[in-house]
Amino acid sequence: MKKILKKSITLVVLSLILVAFTLGISVAFAQESVYIGGEIVGFSIPYDGVRIVSVNNVDTESGEQSLKHIFVKGDRIISVDGVKVKKVGDISIYLSKIADNKCVKIEYERNGKISVIEVVPLKDKQSGVKKLGIIAKDNVSGLGTLTYVEKDGDFGALGHAVTDSETGTKIESNSGSLYNCAVNGIKKGEKGSAGAICGYLTGQKIGELENANKFGIYGKTVISNGEVYEIAPREEVKPGKAQICSSVSGQKEYYDIEIIRAFYQKTDRDKGLIIKVKDKRLISLTGGIVQGMSGSPIIQNGKIVGAVTHVFVNDPTRGYGIYIDNMIA
């Protein structure tokens with residue numbers, strides 16, 4: 001009888017501990033809150049090296065020549081003769097110091113594979129300048145929307161990977177800068193044509209990027225003036241009424257949307273929700289969802305549940321969203 005009693009007491013105690021532990025986790029998660037975003041921000045991410053935008057002909061003494069058989073758009077040049085390339089001008093400076101017809105070793109990356117190739121630079125007939133015949137860039141910049149800021153200044157934005165529109169390259173990086181953005185126009189979205197927020201980086205830095213990955217850009221910012229919202233796990237997200245927060249009008253406003261579908265996901269993706277803009281004010285202003293609104297926080301039942309990520313080109317009032325727990329996790 002004593003053994004049975006001891007077993008019963010032990011089981012009761014274990015059950016109570018399990019309940020308390022479970023409640024503790026729920027309470028801890030429920031208390032996790034962030035400042036809501038909605039601000040249109042600019043970002044700049046440096047390349048490790050330079051990225052080729054195009055390969056062009058050079059007018060030489062022997063006629064027009066190019067290195068198109070060697071380089072293609074999107075290649076990343078890392079070094080020349082072992083000298084690290086950091087800025088676009090670094091290549092021209094190095095080539096100006098070598099002898100005519102001298103072979104140089106170019107280290108470059110294509111589709112994740114790093115290779116080294118020997119190249120004889122092309123000499124321009126008119127200027128005498130030695131060239132590779134490329135147009136390149138050493139950073140990628142753009143506009144997007146801040147999603148959230150944690151109380152320690154950590155932020156998340158965009159909700160999807162940064163893609164260089166000129167090269168088609170998806171960017172992964174652990175450095176960069178966040179800037180204030182000045183909006184000077186809106187190209188409205190129409191069926192078959194995605195709209196966009198038109199603007200520029202003001203030069204006023206408001207944060208540092210520490211990570212750019214498939215779910216957006218992350219880092220530290222000085223912005224911490226939004227309303228505080230709890231974040232919701234994806235299990236709480238249901239089809240139905242919701243809102244998005246955006247400063248596309250010039251001030252932070254909340255716009256009515258509907259969550260059409262909330263997908264069950266075994267793996268993390270940036271397309272977990274399908275949403276539809278219902279607010280006539282936003283439709284009148286932008287046509288629906290436009291480029292630059294990526295990252296706009298989605299609110300349902302008083303909690304942040306996700307962020308806008310993509311627009312349906314054939315219907316700009318519809319788009320995709322990412323679950324907030326994918327972004328914050």
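Two strands pair if DSSP finds at least two bridges between them. Helices (H or I, at least four residues) and strands (E, at least two) are DSSP runs, numbered from the N terminus. By that measure, strand E18 (residues 228-231) and strand E23 (residues 303-312) pair in the parallel sense, over two bridges.

This is a predicted model, in which local features need pLDDT of at least 70, side-chain atom pairs count only at pLDDT 80 or more, and totals for chains, interfaces and linings use all residues. Residues are numbered from 1 along each chain as its sequence is written, and side-chain values use heavy atoms, with hydrogens and water left out.

## The chain as a whole

The chain has four helices and 24 strands. Its radius of gyration is 26 Å, well over the 20 Å that the globule rule gives for 329 residues, so the chain is more spread out than a compact globule. That radius is taken over C-alpha atoms, and the rule is 2.2 Å times the number of residues to the power 0.38. Along the principal axes, the C-alpha atoms fill a box of roughly 100 × 60 × 35 Å.

Buried residues make up 47% of the 329 residues. Buried means under 20% relative accessible area, exposed means over 50%, and partly exposed lies in between (1.4 Å probe, protein chains only). The chain exposes about 17,200 Å², and carbon and sulfur atoms supply 53% of that area. Accessible areas come from the Shrake-Rupley method with a 1.4 Å probe; for residues, only the protein chains shown count as cover.

Contact means heavy atoms within 4.5 Å. Of the contacts with a separation of 6 or more, 67% are between residues 24 or more positions apart.

## Strands around E18 and E23

E23 has several partners. In its parallel pairing with E18, Glu230 stands opposite Lys303. Strand E22 (residues 297-300) runs antiparallel to E23, and four bridges join them. Here Gln300 stands opposite Lys303. So Lys303 faces a residue in each of these two pairings, by the rule that strands pair if DSSP finds at least two bridges.

E22 and E23 form a hairpin with two residues between them. In that turn, Asn301 has a positive phi of about 55°. A hairpin also joins E23 to strand E24 (residues 315-323), again with two residues between the strands. E23 and E24 run antiparallel over six bridges, and His310 stands opposite Tyr320.

E18 also pairs with strand E1 (residues 33-36), antiparallel over three bridges. Val34 stands opposite Tyr229 there. E1 in turn runs antiparallel to strand E11 (residues 134-149), over two bridges. Tyr35 has Val149 as its bridge partner in E11.

| Strand pair | Sense | Bridges |
|---|---|---|
| E18 and E23 | parallel | two |
| E22 and E23 | antiparallel | four |
| E23 and E24 | antiparallel | six |
| E1 and E18 | antiparallel | three |
| E1 and E11 | antiparallel | two |

In a regular strand the side chains alternate between the two faces of the sheet.

## Two loop residues

Arg234 lies in the loop between E18 and strand E19 (240-246). Its relative accessibility is 17%, so Arg234 counts as buried. Leaving aside neighbours within four places in sequence, Arg234 is in contact with Gln265, Asp268, Tyr323, Asp325 and Asn326.

Val120 sits in the loop between strand E8 (113-119) and strand E9 (122-123). At 39% relative accessibility, Val120 is partly exposed. Outside its neighbours within four places in sequence, Val120 contacts Asn101, Lys102 and Cys103. Val120 and Lys130 are 10 residues apart in sequence, with 9.3 Å between their C-alpha atoms.

## Aromatic pairs

Rings of Phe, Tyr and Trp (its six-membered ring) pair if their centres lie within 6.5 Å; planes under 30 degrees apart count as stacked, over 60 as edge-to-face and the rest as tilted. The count comes to two aromatic pairs. In one of them, the rings of Phe71 and Tyr108 have centres 5.9 Å apart and planes at 85°, so the pair is edge-to-face. This pair links distant parts of the chain, 37 residues apart: Phe71 is in the loop between strand E4 (63-65) and strand E5 (76-80), and Tyr108 is in strand E7 (residues 104-110). Phe71 is buried at 1% relative accessible area, and Tyr108 is buried at 10%.

## Cysteines

A disulfide is a pair of cysteine sulfur atoms within 2.5 Å. The structure holds zero disulfides. The closest cysteine sulfur to that of Cys245 is in Cys181, 16 Å away, which is too far for a bond. Cys245 is buried, at 0% relative accessibility. Cys103 is partly exposed, at 34%.
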